[in-house]
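Me: I'd like to learn how to read a protein model one feature at a time. Could you walk me through one?

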Amino acid sequence: MPGRTVAKLATVSAVVAASVLTVAPTAHADLVTHCIGTGGAVTVPNDLYVPAGESCALTGTTITGNVTVAAGGNLVVTGGRVSGEVRVAADGYLDATDTTVDGQVVLAAGGYGIFLKDARTGTVTVRPKGSATIDSFLFAEASTVAGNVTVGAGEVRLDSGTQVHRNLSSTGTYYTDVHDSFVDGTLSVLNSATGSVVCGSAVRGKATFAGNLGGVQLGPNGGLDSCASGGYWGADVSVTSTTGGVTVDDNIINGALTATGNEPAAQVADNNRIRGGVTGDQAPASANRAARAAAPEREDAGDERAEVRRTSAVREATEAGAARL
């Protein structure tokens with residue numbers, strides 16, 4: 001995924017430092033607060049708009065309407081609240097920490113990304129990138145999504161106790177990983193370029209993994225990423241038509257496991273507790289441990305950590321260089 005350079009961050013900081021929050025009427029005579037710069041613990045009694053290519057950093061701010069981040073804009077909210085929805089345009093970026101968004105969060109095709117930490121939102125949607133050159137990302141740490149998570153592009157990682165109250169569905173992402181998190185509905189990962197890892201997590205509904213090119217790892221001792229434990233699956237789990245390897249280790253599945261059409265055949269460890277049994281082809285149990293021990297560590301694990309650091313850098317650079325309202 002393309003990264004913003006240090007020079008770009010410096011440019012954003014310089015622009016923000018010379019800017020303030022302004023208010024301008026829309027064509028419908030409704031007031032819209034244009035945010036360029038920083039704002040503190042105030043209430044914005046209307047919609048908020050971050051203009052194209054501009055940056056806005058808010059701390060403790062309450063927004064009673066909707067939020068729009070225009071193309072190439074950056075919005076960083078810490079300790080805030082949005083009563084409406086947040087929509088982020090192409091190449092736009094949202095960083096929400098310790099913040100509540102009552103409505104939905106939508107990242108447009110070609111959007112730069114969404115970073116949520118200790119946040120609460122409604123439905124989260126990342127549109128397919130289409131013809132855009134930018135591949136999006138959604139990283140969520142210790143956050144709660146009250147609705148569905150639907151992602152159609154980029155890198156997806158849920159971590160550190162993140163909760164999805166409904167369904168998590170990804171199609172055509174670069175990868176979709178779930179660590180130490182909870183999905184109260186179904187989980188669907190389809191056609192991911194580098195596969196999917198689910199570790200230390202619980203999924204209450206049916207789980208479907210299909211057409212993933214880089215493999216699927218459910219639990220520890222796999223070749224994609226490191227983790228300490230498997231997870232709990234409240235219904236059937238299906239892993240089909242997967243290339244790059246499938247490993248299922250240290251899981252409790254309160255249903256059946258289906259593993260068909262995978263190349264190579266799935267490795268299902270003896271330490272799984274699978275209530276409904278296993279259907280499909282699987283590698284001999286004696287070969288599972290040796291094959292997993294010889295597998296390389298996930299190549300993009302360092303990239304994920306770098307992206308988390310990058311989002312922090314965006315937040316720090318934006319806030320450090322800005323003059324308060």
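Reply: Let's go feature by feature, keeping in mind that this is a predicted model.

Me: Let's begin with the strands. What is the strand order in the open sheet of 12 strands?

Reply: To read a sheet, list its strands by who sits beside whom. Here the order is β3-β6-β9-β12-β15-β18-β21-β24-β27-β30-β33-β36, and the pairing is parallel.

Me: Which are the edge strands?

Reply: Look for strands that pair on one side only: these are β3 (37-39) and β36 (267-268). At the β36 end, strand β33 (residues 246-248) runs parallel to β36, and two bridges join them. One residue pair to look for is V248 with its bridge partner V268 in β36.

Me: I also see β35. How many bridges join strand β32 to β35?

Reply: Four bridges do that, linking strand β32 (residues 237-240) to β35 in a parallel run. To find a matching spot, look at T240, which stands opposite T260 in β35. β35 also pairs with strand β38 (residues 278-280), again in the parallel sense, over three bridges. There, L257 has V278 in β38 as its bridge partner.

Me: Which residues of strand β35 are on the covered face, and which on the uncovered one?

Reply: For a strand, try sorting the residues by face. In β35 (residues 257-260), L257 and A259 make up the covered face, while T258 and T260 make up the uncovered one.

Me: Now the inside. Which residues touch the most other members of the largest nonpolar core?

Reply: With a core, ask which members have many neighbours within it. This one has 54 residues, and those touching the most other members are L75, I114, L187, F209, L218, W233 and V237. Apart from that core lies another, of seven residues, including Y93, Y112, I134 and F139.

Me: Can we zoom in on W233? What does W233 touch, leaving out residues up to four places away in sequence?

Reply: Leaving those out helps you see contacts from further along the chain. For W233 they are L187, V198, V203, A207, F209, L218, N251, I252, I253 and N254.

Me: And I114, is it buried or exposed?

Reply: I114 counts as buried because its relative accessibility is 0%. You'll find I114 in strand β15 (residues 113-117). Setting aside residues up to four places away in sequence, I114 touches L94, V105, L107, V124, V126, F137, L138 and F139. Take F139 from that list: 25 residues along the chain separate I114 and F139, yet their C-alpha atoms are 6.4 Å apart.

Me: What about a charged-looking spot, D159? Which side chain does the side chain of D159 make a polar contact with?

Reply: For a polar side chain, check its place, its burial and its partners. D159 is part of strand β21 (residues 155-159), and at 15% relative accessibility D159 counts as buried because the cut-off is under 20%. The side chain of D159 makes a polar contact with that of R157, at 3.0 Å. Beyond four places in sequence, D159 touches A140, E141, A142, H179, D180 and S181.

Me: Last topic: cysteines. How many disulfides are there?

Reply: The general idea is that a disulfide is a covalent bond between the sulfur atoms of two cysteines. Here the count comes to two disulfides. C35 is joined to C56, with an S to S distance of 1.8 Å, and C199 to C227, with sulfur atoms 2.1 Å apart. Counting bonded cysteines along the chain, the pattern is 1-2, 3-4.

Me: What handedness does the link of C35 and C56 have?

Reply: Read the angle about the S-S bond: at 80°, the C35 and C56 link is right-handed. C35 sits in strand β2 (residues 31-35) and C56 in strand β6 (residues 55-59), so this pair ties together parts 21 residues apart in sequence. C35 is buried, with a relative accessible area of 0%, and C56 counts as buried at 0% too.

Me: And where are C199 and C227?

Reply: C199 is in strand β27 (residues 196-199), and C227 is in the loop between β30 (216-218) and β31 (232-233), so the pair ties together parts that are 28 residues apart in sequence. Their link is left-handed, with -50° about the S-S bond. As for burial, C199 counts as buried at 2% relative accessibility, whereas C227 is partly exposed, with a relative accessible area of 22%.

Notes: Residues numbered from 1 in each chain as written. Predicted model: local features only at pLDDT ≥ 70, side-chain atom pairs only at ≥ 80, totals over all residues. Heavy atoms only, no water. Buried < 20%, exposed > 50% of the residue type's maximum accessible area, 1.4 Å probe, protein only. Contact = heavy atoms within 4.5 Å. Core = buried A, V, L, I, M, F, W, Y, C linked by side-chain atoms within 4.5 Å. Disulfide = S-S within 2.5 Å. Pairing = 2+ DSSP bridges. Polar contact = N/O pair within 3.5 Å; in protein donor to acceptor, adjacent residues only side chain to side chain.
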